[in-house]
Amino acid sequence: MQASSTLPPLLLQRDRWSRLLLTWPAVTGALVLLDTLALVAAFSTAYWIRFRSDLPIFREGADSVGFYSLLVMWALPIWIAIFAMWQLYDHRTLFSGYGEYARIGSACTAGALSIVLISYLYDTPNIARAWLLLVWLGSVMLIWGERFCVRRLVRRARTHGYLASRALVIGTNGEGDALAQQLMSDPGAGVQVVGFVEGSQPLEQTGAFSLPVVGSLTNLDARIADLGVDLLVIATGALARDEVLDLYGRFAHRQDVELRMSSGLFEILATSVRVQHAGCVPLMTIDRVRITGVDAMLKTLLDYTFALTALTILSPVLLLVAVAVKLDSGGPIFYRRRVVGRSGKTFDAFKFCTMVADRRKTSLPTTFPDRRRPDKSSLDPRITRFGRFLRKASIDEIPQLVNVLRGEMSLIGPRMVSPDELERYGKWQLNLLTVKPGITGPWQVRGRADISYHERVRLSTEYIRNYSIWLDIQILMQTVPAVVKGRGAY
């Protein structure tokens with residue numbers, strides 16, 4: 001984002017301040033300050049709870065404000081140093097994945113252990129164990145909350161061109177094109193792709209986000225300087241082995257340019273990958289499912305808790321809806337749609353019937369706007385009056401909570417597709433089959449039937465690749481206003 005002399009003085013001044021403050025040294029300094037304040041708050045809160053709250057669970061202990069104040073004074077720089085060792089101030093690893101939260105937990109644990117170790121070595125008075133436990137818990141929670149807020153601000157800044165790396169994708173085959181599209185589809189990731197560098201294979205496909213070829217391997221250094229590039233992304237499947245080795249030798253040790261290589265298996269790496277060594281050879285093992293471990297446990301807990309609670313509370317309403325559906329259409333209450341689930345297993349997804357009997361199917365128009373599926377249009381004459389209301393309010397999809405309890409669907413996930421639709425996903429269906437389809441998801445909060453099919457595929461793939469429990473919670477919170485607006489609900 002370039003500051004232009006044609007901007008009004010106030011906007012020009014604001015852009016100058018943004019360029020001064022939104023730099024990695026400034027962000028790092030802000031993180032150190034915020035971490036220090038969060039740690040002071042954790043130490044102080046732990047002290048108040050342990051020695052001032054008079055809770056009956058705590059035993060009487062030595063209450064020395066001076067001792068704990070001195071303890072905090074020398075503990076703070078140690079904790080900040082530990083954070084630095086855990087790469088919590090390294091811009092190459094910051095804000096690029098949820099592993100940052102795991103490193104925060106580990107660093108806070110190491111900080112708490114450092115207090116125990118130093119107090120033992122210097123024979124200081126006994127430290128209250130409850131205080132130390134509260135310090136550890138408070139520091140983890142406060143730093144997590146602080147970094148979550150900073151990540152949101154950084155993503156917003158990156159969408160405006162700040163704190164982002166200018167990148168060249170090396171390789172002009174299908175893999176290179178797919179990499180460029182994926183990187184450019186998420187401006188908040190902090191990578192601005194400025195073009196392709198031609199390898200030994202020609203450009204095989206061109207997508208909506210593709211950029212022109214700006215150079216070749218022979219003039220790569222000149223193009224890096226001309227375009228201000230600080231990141232090279234290698235599509236390894238587009239280059240010969242000797243070309244990859246040559247690039248590594250040229251750029252692996254340069255400080256001004258970072259070198260990253262794709263796996264060569266871009267289409268299937270929405271799933272988690274484990275690197276295992278066999279005979280000193282690193283080999284990748286691709287998991288059959290995308291969501292594993294703690295993420296799977298938290299997602300399952302969210303699914304079953306919400307589904308059971310919602311069905312219990314809404315059961316009287318659902319009974320009235322079932323009666324109204326029967327009276328309005330005269331047909332069955334529920335419609336079973338055959339869809340594809342995780343690992344390619346098919347199942348029946350339940351919905352309230354919103355259409356009349358099949359005898360009116362012939363009156364369905366033959367053409368609809370390209371942006372919608374043929375069976376998702378406000379012009380469909382088979383939709384009943386009550387069914388139109390159910391669709392507009394998304395009440396017709398509530399029976400899918402039963403599918404969630406049966407383990408066939410998830411509360412949040414990619415849009416469910418039929419076996420015929422799966423073919424339209426092409427190579428991306430490998431990603432889709434690694435997770436359960438969802439009742440709501442990114443397509444639901446972005447416009448549902450009003451967005452193009454290509455966009456639905458992209459949103460589903462993006463959700464799978466970037467999954468976290470925080471993303472599920474965010475989509476769940478966005479679903480309510482999306483349902484109220486009713487955009488794309490036909």
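**Salt bridges, a hairpin and a surface patch in a predicted model**

The side chains of Arg147 and Asp35 meet in a salt bridge, with 2.8 Å from N to O; the term stands for a side-chain nitrogen of Lys or Arg within 4 Å of a carboxyl oxygen of Asp or Glu. Arg147 belongs to helix α5 (residues 129-159) and Asp35 to helix α2 (residues 24-51), so the pair ties together parts that are 112 residues apart in sequence. Helices (H or I, at least four residues) and strands (E, at least two) are DSSP runs, numbered from the N terminus. Both partners, Arg147 and Asp35, are buried, where buried means under 20% relative accessible area, exposed over 50%, and partly exposed in between (1.4 Å probe, protein chains only).

A word on the model itself is useful here. It is predicted, so local features need pLDDT of at least 70 and side-chain atom pairs count only at pLDDT 80 or more, while totals for chains, interfaces and linings use all residues. Residues are numbered from 1 along each chain as its sequence is written, and side-chain values use heavy atoms, with hydrogens and water left out. The predictor's confidence in each residue, pLDDT, runs from 0 to 100. Its mean over the chain is 80, and 82% of the residues reach 70 or more. Confidence is lowest in helix α1 (residues 9-21), with a mean of 53, and highest in helix α11 (residues 400-405), at 94. Some caution is in order towards the start of the chain: pLDDT stays under 50 over residues 1-7, for which the model has twelve contacts beyond four places in sequence, a contact being heavy atoms within 4.5 Å. Residues 10-14 also stay under 50 in pLDDT, and there the model has three contacts beyond four places in sequence.

Returning to charged pairs, the count comes to 17 salt bridges. Side chains of opposite charge can pair when their charged atoms come close. One such pair is Arg223 with Asp226, whose closest N and O atoms are 3.0 Å apart. Both residues lie in helix α7 (residues 220-227), three residues apart, or about one turn of the helix. Here Arg223 is partly exposed, with a relative accessible area of 22%, and Asp226 is exposed, at 55%. Another pair is Arg260 and Glu258, with 3.2 Å between the closest N and O atoms. Arg260 is partly exposed, with a relative accessible area of 34%, and Glu258 is partly exposed as well, at 27%. Elsewhere, salt bridges that share partners join Asp35, Glu100, Glu146, Arg147 and Arg151 into one network.

Glu258 and Arg260 also appear in the surroundings of Leu231, a residue of strand β4 (residues 231-234). Leu231 counts as buried, at 2% relative accessibility. Leaving aside neighbours within four places in sequence, Leu231 is in contact with Ser165, Arg166, Ala167, Leu168, Val191, Val257, Glu258 and Arg260. Leu231 and Leu259 are 28 residues apart in sequence, yet 6.1 Å apart in space from C-alpha to C-alpha.

Strands β8 (residues 334-340) and β9 run antiparallel and are joined by seven bridges; two strands pair if DSSP finds at least two bridges between them. Within this pairing, Tyr335 has Lys351 of β9 as its bridge partner. Strand β9 (residues 346-352) is mostly covered, five of its seven residues being buried. The two strands form a hairpin with five residues between them. In the turn sits Ser343, whose phi is positive, about 65°, although Ser343 is not a glycine. Most residues other than glycine have a negative phi. Ser394 is a further non-glycine residue with a positive phi, of about 60°, and is placed in the loop between α10 (385-392) and α11. Ser394 is buried, with a relative accessible area of 10%.

Finally, the surface carries a nonpolar patch of about 490 Å², made by Tyr98, Phe148, Trp470, Ile473 and Met477. Patches are made of residues with over 30% relative accessible area and no salt bridge, like charges being joined within 9 Å and nonpolar side chains (Val, Leu, Ile, Met, Phe, Trp, Tyr) within 5 Å. Accessible areas come from the Shrake-Rupley method with a 1.4 Å probe, and for residues only the protein chains shown count as cover. Helix α16 (residues 469-485) gives the largest share of the patch, three residues. Tyr98 lies in the loop between α3 (65-85) and α4 (99-121) and is partly exposed, with a relative accessible area of 32%.
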